[in-house]
Amino acid sequence: MRQELKSLPKTLADDVARNLVMVARLLDTEPEEAYKYSRVALRLASRVPSVREAAGFASYMTQRYSEALTEFRAARRMTGRADLWPVMADCERGLGRPERALAMAGEPEVKQLDKAGQVEMRLVSAGARSDLGQHDAAVVTLQSPELASNTVHPWTARLRYAYAEALIAADRADEARDWFVKAAEADPEGQTNASERLAEIDGLEFVDALDPESEEDEPVEAPREERRDHREDGEDRVIFEEDEDVEEYYDEDDLEIDEADDDEADEVGRSRDDRDDLSRDDRDDRRD
């Protein structure tokens, strides 16, 4: 890619390189953002093969298969390489043309592919067979020395997973379970969801313990601030200060005031008034 960018003026090459770096960073996590950066790079340097290839993958990841196929074809014409052949065939599947994908699987370009490319082409061919409802043929397509090998390669997990899915579609669930197990064993980084598919077959369910929606916590009532009102009878009355309606925390007997208590209170009040009157008379006599 650096070599290809040397054909551009330095400033322009730097701008294109920055956009290509962002495409690579965002392609798996934020494909729509990667697509935007790829279009910028494409406007700046449409005659650079690496730019056309990056734009093709960004379109492919956002399911813009027609655009992707156009960019891949342009990159292939510029370079003469055949390594994009499997993804071009998969674009044909995305456009609803599985027959065309199968036809590409029989083209001479397939013989130019390395081992990884040939496995990818086999995966695309099996997918095209499944698109056509030919599930048994999809199973046969995936049966290969690469599938039978015990050596783990970068494509091993995906190949085993695709074979297990093909077996499921062909109503061979018992065999499929064994291959989901093998796919999970070859997939420590979780490129496939083999573990989840295996759990589905076994009737298990994964629950995210950190998911707030997985289990609703029961609301916990906050403790109320309280104070104690000391009474003359030696019993404390608890009053909750945050409650507006405090009466509900009293007994009915506490809320009733006896008539005798009223009379006693009135008598105390009258005696206090009499003392006040005597005190005023006494002060008047002393002044006189």
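Contact here means heavy atoms within 4.5 Å. The legends below describe a predicted model.

**Figure 1. Contacts of leucine 159 in the predicted model.** Leaving out residues up to four places away in sequence, leucine 159 touches Val119, Leu123, Leu142, Ser144, Glu146 and Leu147. Leucine 159 also belongs to the largest nonpolar core, shown in Figure 2.

**Figure 2. The largest nonpolar core, with 21 residues.** The members that touch the most other members are Val139, Leu142, Leu159, Tyr163, Leu167, Trp179 and Phe180. Two or more residues come from each of H8, H9, H11, helix H12 (173–185) and H13. H11 makes the greatest contribution, with six residues. Another core, of 20 residues, lies apart from this one; Phe72, Ala89, Cys91 and Leu113 are among its members. In soluble globular proteins, nonpolar side chains tend to be buried together. Over the whole chain of 288 residues, 32% count as buried.

**Figure 3. Packing of helices H8 and H9.** The axes of H8 and helix H9 (residues 135–142) lie 7 Å apart, and the helices pack at an angle of about 170°. Angles over 145 degrees count as roughly antiparallel, and H8 and H9 are therefore roughly antiparallel to each other. On the H8 side, the contact is made by Arg122, Leu123, Ser125, Ala126, Arg129 and Ser130. The H9 side consists of His135, Ala137, Ala138, Thr141 and Leu142. Sorted by class, the residues of this contact are five nonpolar, four polar and two charged.

**Figure 4. The salt bridge between arginine 93 and aspartate 131.** The closest N and O atoms of the pair are 2.7 Å apart. Arginine 93 is in helix H6 (residues 85–94) and aspartate 131 is in helix H8 (residues 115–131), so the salt bridge ties together parts that are 38 residues apart in sequence. Arginine 93 counts as partly exposed, at 26% relative accessibility. Aspartate 131 also counts as partly exposed, at 42% relative accessibility.

**Figure 5. The salt bridge between glutamate 120 and arginine 158.** Here the closest N and O atoms are 2.4 Å apart. Because glutamate 120 lies in helix H8 and arginine 158 in helix H11 (residues 156–169), the pair ties together parts that are 38 residues apart in sequence. Glutamate 120 has a relative accessible area of 26% and is partly exposed. Arginine 158 is partly exposed, at 34%.

**Figure 6. A salt bridge within helix H13, between arginine 197 and glutamate 200.** The two side chains meet at 2.8 Å, N to O. Arginine 197 and glutamate 200 are three residues apart in helix H13 (residues 194–202), so about one helical turn separates them. Arginine 197 has a relative accessible area of 14% and is buried, whereas glutamate 200 is exposed, at 51%. Elsewhere, Glu53, Arg81 and Asp83 are joined into one network by salt bridges that share partners. The count of salt bridges in the model comes to 19.

**Figure 7. Overview of the chain for locating the close-up views.** The chain has 15 helices and two strands. Among contacts with a separation of 6 or more, 43% are between residues 24 or more positions apart.

Definitions and conventions
Residues numbered from 1 in each chain as written. Predicted model: local features only at pLDDT ≥ 70, side-chain atom pairs only at ≥ 80, totals over all residues. Heavy atoms only, no water. Salt bridge = Lys/Arg side-chain N within 4 Å of Asp/Glu carboxyl O. Helix = DSSP H or I, 4+ residues; strand = E, 2+ residues; numbered from the N terminus. Buried < 20%, exposed > 50% of the residue type's maximum accessible area, 1.4 Å probe, protein only. Axes fitted to C-alpha atoms, helices over the stretch in contact; angles between N-to-C directions. Parallel < 35°, antiparallel > 145°, perpendicular 65-115°, else oblique. Nonpolar A, V, L, I, M, F, W, Y, C, P; charged D, E, K, R; others polar. Core = buried A, V, L, I, M, F, W, Y, C linked by side-chain atoms within 4.5 Å.
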